[in-house]
Amino acid sequence: MSMLDVRNLHASYGDVAVLHDVNLHVDEGEIIAIVGSNGAGKTTLMRALSGLMTRSRRMSATGTVVLDGEDISRLIASRRLRRGMALVPEGRQVWPELSVEDNLLLGGFTRRRESTVVAEQLDYVLTTFPRLRERLQQDAGTLSGGEQQMLAIGRALVSRPRLMLFDEPSMGLAPVIVDQILSSITQLRDGGTTVVLVEQMVNLALEIADRGYVLERGHVVISGPAAELTANEQVRAAYLGVTSTTYESDTDD
Ligand SMILES: Nc1ncnc2c1ncn2[C@@H]1O[C@H](COP(=O)(O)OP(=O)(O)OP(=O)(O)O)[C@@H](O)[C@H]1O
Ligand SMILES: [Mg+2]
């Protein structure tokens, strides 16, 4: 049985359908890459999985999301978080006027009655990201982009998730910071956390992923082991900037 099983997922904003019959699964211990161009529906997929496509905001999602054998499709976001699935949202979404510490503590609100878990997780986050420990009392808005991304990841970690959804964690960050963030994701997986990773840096994502899904205009068009996607002509042309034409003859001139 897969840890996460998504069947016939449709999602829309008002009358505009964005996800069409998406089917995917995530096995425990995997890193799954979700690849797709701008507007393909990657963020919408992350929202739908997290329970953020709520009708009150003129959004809707239908289909089945099963986590550890339990149908969670009808559960609100905080209940899904409580069951072990946490989102690190696109654009980080930290609370700029709150301290680093308060941002982290808010990440643990679903476990507020389990102070030991929150304290342990907080310590784990600060050990994983020592920069956050140095800046614990600073307002989150004063952090650099990379530090804010660490905070967004740390905030999700405080709830002790078993499955983490990352929506473009590398966005706007310098290459050296991107490497740090991606290696922290690999470390999390090695520590037993299952990962779904949406990334524009497709080559880097496929390097650390076990399998991947390619989303085009709200449809899953290709899926398979990461190595197969990396070798796939369509993926190479559309997402890896590699065309099937060779340039040997040019360089021979
Ligand atoms: N809150 C919203 N209200 C209405 N339409 C939306 C909303 N959010 C996204 N959309 C539309 O849904 C489609 C999918 O958007 P989504 O943000 O899921 O794509 P994405 O793959 O994450 O893109 P990007 O790579 O730019 O992050 C787009 O056409 C977008 O304009
Ligand atoms: Mg997006």
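The legends below describe close-up views of a predicted model.

**View 1. The magnesium ion (ligand 2) and its protein donors.** In this predicted model, the magnesium ion (ligand 2) has two residues as its protein donors, Thr43 through OG1 and Glu90 through OE, at 2.0 to 2.2 Å from the ion. These two residues bring together distant parts of the chain, since Thr43 belongs to helix α1 (residues 42-50) while Glu90 sits in the loop between β6 (85-88) and α3 (100-107), 47 residues apart. Thr43 counts as buried because its relative accessibility is 16%, which falls under the 20% limit. Glu90, with a relative accessible area of 30%, is partly exposed.

**View 2. The shell of residues around ligand 1.** Ligand 1 is surrounded by 15 residues, of which Gly39, Lys42, Thr43, Thr44 and Glu90 are the closest. Helix α1 supplies the largest share of this shell, namely four residues. By residue class, the shell around ligand 1 is made up of seven polar, four charged and four nonpolar residues. Two of the closest residues to ligand 1, Thr43 and Glu90, are also the protein donors of the magnesium ion (ligand 2).

**View 3. Polar atoms of the protein beside oxygen atoms of ligand 1.** In the side chain of Thr44, an N or O atom lies 2.5 Å from an oxygen atom of ligand 1. Thr43 places a polar side-chain atom 2.8 Å from an oxygen atom of ligand 1, whereas Ala40 contributes a polar backbone atom, at 3.2 Å from an oxygen atom of the ligand. Of the 630 Å² of accessible area that ligand 1 has on its own, the protein covers 61%.

**View 4. The surroundings of Thr43 within the protein.** Thr43, which is found in helix α1, is in contact with Glu90 and Asp167 when its neighbours within four places in sequence are left aside. With Asp167 there is a polar contact between the two side chains, at 2.7 Å. The side chain of Thr43 is thus seen in several settings, as OG1 is a donor to the magnesium ion (ligand 2) and a polar side-chain atom of Thr43 lies 2.8 Å from an oxygen atom of ligand 1.

**View 5. Gly241 in a loop between two helices.** Gly241 lies in the loop that runs between α10 (233-239) and α11 (248-252). Gly241 is classed as exposed because its relative accessible area is 71%, and the limit for that class is over 50%. Between Gly241 and Val202 the C-alpha to C-alpha distance in space is 9.9 Å, with 39 residues separating the two in sequence.

Methods: Residues numbered from 1 in each chain as written. Chains lettered and ligands numbered in written order. Predicted model: local features only at pLDDT ≥ 70, side-chain atom pairs only at ≥ 80, totals over all residues. Heavy atoms only, no water. Donors = N, O, S within 2.8 Å, 3.2 Å for Na, K, Ca; no water. Buried < 20%, exposed > 50% of the residue type's maximum accessible area, 1.4 Å probe, protein only. Near = heavy atom within 4 Å. Polar contact = N/O pair within 3.5 Å; in protein donor to acceptor, adjacent residues only side chain to side chain. Areas by Shrake-Rupley, 256 points an atom, 1.4 Å probe, with all protein chains shown as cover. Nonpolar A, V, L, I, M, F, W, Y, C, P; charged D, E, K, R; others polar. Contact = heavy atoms within 4.5 Å.
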